[in-house]
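Reader: I am new to this structure. Please take me through its salt bridges, one pair at a time.

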Amino acid sequence: MTRRRTPDHQVTELARQLTHVKRPNPVLWLYHWRYEILAVTLLPYALVNLVLWLGPIWSLVALAAAFNWVFYWRAARRHVRGRLRSIVVQHRLRTGFAGARICTMDGRRPAILWTRPVDGDIVVSLFCPAGIGFEQIHARRELLAAACFATEVYADRHPKYASFITLTICTTAVRHEPGRAASPGEVVPLRAHS
């Protein structure tokens, strides 16, 4: 009776699927929620100081003017919406990494270094600890796109350092050129990626 052996990468994937994903330590948890913590602590402080400085009536006028300025100025509105979307994408990516089991054998997930909005998309810079590679993230792009409420996720390697990966999260619908429809067999690339 011959026994069929499983390749090492299948055993590694099975072990990774059975691994419990680590929860962040308290300092890392504070870092993950830094924007929300600052909003909850600094906004009330700023509002109280504004009322003490200007008085209640002029404070309402200043807040209404600031709200209208952001609401009616397209560039400011786009910037605020992009930053808020970037914050949401960070939380969704961490959850997506855990759900897709993109982690090391001891349960560590990739670290999100920076998130920024670029032309309607979200660009995320990742640092992958030893044990997580580009192939692992690239293979689970559909799961990450679903976790981020995105249409597509592109993964790019850093040209020099293998542990740095850039994700481009496309939040907008697929754009077609006017007057030209893609035939069913034609593949039209959305963006140029390496």
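Author: Here is a close look at the salt bridges and the residues that form them. The model is a predicted one. A search of the whole structure gives three salt bridges.

Start with Arg-157 and Glu-135. Their closest N and O atoms are 2.8 Å apart. This pair links distant parts of the chain. Arg-157 sits in strand β3, which covers residues 152-157. Glu-135 belongs to helix α6, residues 134-139. The two residues are 22 residues apart. Arg-157 has a relative accessible area of 47%. That falls between the limits of 20% and 50%, so Arg-157 counts as partly exposed.

Next come Arg-141 and Glu-152. Their side chains meet in a salt bridge, at 3.4 Å from N to O. Arg-141 lies in helix α7, residues 141-147, and Glu-152 lies in strand β3, so the salt bridge ties together parts eleven residues apart in sequence. What about exposure here? Arg-141 has 16% relative accessibility. Buried means under 20%, so Arg-141 counts as buried. Glu-152, at 26%, is partly exposed.

That leaves Asp-106 and Arg-108. They form a salt bridge too, with the closest N and O atoms 3.6 Å apart. The cut-off is 4 Å, so this pair qualifies. Asp-106 is partly exposed, at 39% relative accessibility. Arg-108 is also partly exposed, at 38%.

Strand β3 is a good place to look again. It holds Arg-157, the partner of Glu-135. It also holds Glu-152, the partner of Arg-141.

Methods. Residues are numbered from 1 along each chain as its sequence is written. This is a predicted model: local features need pLDDT of at least 70, side-chain atom pairs count only at pLDDT 80 or more; totals for chains, interfaces and linings use all residues. Side-chain values use heavy atoms; hydrogens and water are left out. Buried means under 20% relative accessible area, exposed over 50%, partly exposed in between (1.4 Å probe, protein chains only). Helices (H or I, at least four residues) and strands (E, at least two) are DSSP runs, numbered from the N terminus.
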